[in-house]
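Visitor: I would like to learn how to read a protein model feature by feature. Could we walk through one together?

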Amino acid sequence: MQEVQDVAKRIIANVEQVIIGKDREVRMTVVALLCEGHLLIEDVPGVGKTMLARAIARTVGSTYRRIQFTPDMLPSDVTGVSVFNQKNLEFEFRPGPIMAQIVLSDEINRATPKTQSALLEAMEERQVTVDGTTYDMARPFLVLATQNPIEYEGTFPLPEAQVDRFLMRIRLGYPLKAHEVNILGLQALTHPIDNLERTVSVEELSKAQEAVRDMYVDDSVKEYIVDLVATTRDHPDVYLGASPRGSLALFRAARAWAAIDGREYVLPDDIKLLAEATLAHRLIVSPSARIKNVDAAQIIEDALAHTPVPGSRVRAS
């Protein structure tokens, strides 16, 4: 796992030249990148959501496109369109912005559900189908979507099928005073992202992604993940619990987190640390619980408190 740890450290160190004081959030973004998952960043404007996506793209030297979602967008504005070429009398596919390797879906909840659904196939199957023809996505492929949780006017809530396809949901939050002072100094003349260089090649990233899949996860830890997810389904404050995709997301994220730590195995502590980021956005809180101001994060915390943690045991040689 030394190779994965080295790649992750270089990405994190480079991105943190732009995103100041958010080590845990940057690390979770790298986890999504190593898992070939997608990330939903839900936060107020101006905290660096767009800069995070741009910094990741520059660091790994991949193609980057930004999609500014608006209510008048069409699905073809995302996936691309077939255009008739009058010279050779054939239809030609003109790819949309989703065909890049790092895609920033900015303010995703401002698009209509019809346009939001254009992302479903790309995010899950790593392909898009236009006019009956399927086009494969380039690897690595990461969708970083942002949405503002405060302003709801003119927005369309993400359907559950869309939210469930995000490996994790994170919040950047406001920086500490010392970090914000540092940001002012760094951006006095130019923005740090203008000088950001590639530190990891796409080939190195692909090898690291393959190595993460070989991480050892004990059966007791797998059972712990399933028990935790099952607890969310049976929780009295939950209308709809996490799906099996949630179990897989937690399983995959824990492997990447352990690899970044330089370990070749997953601990129950990794599961606890990543449970909220991978599961909370998949829960639908019951109406009665909402009246009591119960949110998904509190439910995950309660589920962790009531799910037995597996103890250590000797593995057969």
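Visitor: Let me start with a single residue: is Asp131 buried or exposed?

Guide: Happy to start there, and please keep in mind that this is a predicted model. The general idea is to compare the relative accessible area with two cut-offs: under 20% is buried and over 50% is exposed. Asp131 has a relative accessible area of 64%, so Asp131 is exposed. Its place is in the loop between strand S6 (127-130) and S7.

Visitor: What is the phi of Asp131?

Guide: Phi is a backbone torsion, and its sign is the thing to look at here. Asp131 has a positive phi of about 55°, although Asp131 is not a glycine. Glu36 also has a positive value, with phi near 55°, and Glu36 is likewise a residue other than glycine.

Visitor: Where does Glu36 lie, and is Glu36 buried or exposed?

Guide: Glu36 sits in the loop between helix H2 (23-35) and strand S1 (39-42). With a relative accessible area of 10%, Glu36 is buried, whereas the Asp131 we began with is exposed.

Visitor: Which residues does Glu36 touch?

Guide: For contacts, we set aside residues up to four places away in sequence. What remains for Glu36 is Arg126, Arg139, Gln209, Arg213 and Arg252. As for charge over the whole protein, there are 35 positive and 44 negative side chains. The centres of those two sets lie 1 Å apart.

Visitor: Arg139 caught my eye in that list. What is the form of the peptide bond from Arg139 to Pro140?

Guide: Here you read omega, the torsion about the peptide bond. From Arg139 to Pro140 the bond is cis, with omega near -5°. Pro140 is placed in the loop between S7 and S8. Ala138 belongs to the loop between strand S7 (133-136) and strand S8 (142-147) as well. At a relative accessible area of 34%, Ala138 is partly exposed. The C-alpha atoms of Ala138 and Arg94 are separated by 15 Å, with these positions 44 residues apart along the chain.

Visitor: Now for ring geometry. How many aromatic pairs does a search of the whole structure find?

Guide: The search finds 2 aromatic pairs. To classify a pair, look at the angle between the ring planes: under 30 degrees counts as stacked and over 60 as edge-to-face. The planes of Phe84 and Phe91 are at 65° and their ring centres 5.2 Å apart, so this pair is edge-to-face. Phe84 is partly exposed, with a relative accessible area of 39%, and Phe91 is exposed, with 61%. The pair of Phe93 and Tyr135 is stacked, at 3.9 Å centre to centre and 10° between the planes.

Visitor: Which parts of the chain does the pair of Phe93 and Tyr135 tie together?

Guide: Phe93 lies in strand S4 (residues 90-95) and Tyr135 in strand S7, so the pair ties together parts that are 42 residues apart in sequence. Tyr135 counts as partly exposed at 22% relative accessibility.

Visitor: Pro95 lies in strand S4 too. Which residues does Pro95 touch?

Guide: Pro95 touches Thr79 and Gly80, again not counting residues up to four places away in sequence. Pro95 is exposed, with a relative accessible area of 51%. From Pro95 to Leu120, which are 25 residues apart along the chain, the C-alpha separation is 16 Å.

Visitor: Is Ser286 buried or exposed?

Guide: Ser286 counts as buried, at 8% relative accessibility. Its place is in the loop between strand S11 (284-285) and helix H13 (287-291). Leaving aside neighbours within four places in sequence, Ser286 is in contact with Pro236, Asp237, Val238 and Tyr239.

Visitor: Let us step back to the whole fold. What does the radius of gyration agree with?

Guide: The idea is to compare the value with what a compact globule of that length would have. For 317 residues that expectation is near 20 Å, and the protein has 20 Å, which agrees. The C-alpha atoms fill a box of roughly 70 × 50 × 45 Å along the principal axes. The secondary structure comes to 14 helices and 11 strands, and buried residues make up 52% of the 317 residues.

Visitor: And how much of the contact set comes from residues 24 or more positions apart?

Guide: Such residues account for 77% of the contacts with a separation of 6 or more. On the outside, the protein exposes about 15,600 Å², with carbon and sulfur atoms supplying 51% of it.

Terms used
Residues are numbered from 1 along each chain as its sequence is written. This is a predicted model: local features need pLDDT of at least 70, side-chain atom pairs count only at pLDDT 80 or more; totals for chains, interfaces and linings use all residues. Side-chain values use heavy atoms; hydrogens and water are left out. Helices (H or I, at least four residues) and strands (E, at least two) are DSSP runs, numbered from the N terminus. The radius of gyration is taken over C-alpha atoms; the globule rule is 2.2 Å times the number of residues to the power 0.38. Buried means under 20% relative accessible area, exposed over 50%, partly exposed in between (1.4 Å probe, protein chains only). Contact means heavy atoms within 4.5 Å. Accessible areas come from the Shrake-Rupley method with a 1.4 Å probe; for residues, only the protein chains shown count as cover. Lys and Arg count as positive and Asp and Glu as negative; His and the chain ends are not counted. The place of a charge is taken as NZ of Lys, CZ of Arg, CG of Asp or CD of Glu. Rings of Phe, Tyr and Trp (its six-membered ring) pair if their centres lie within 6.5 Å; planes under 30 degrees apart count as stacked, over 60 as edge-to-face and the rest as tilted.
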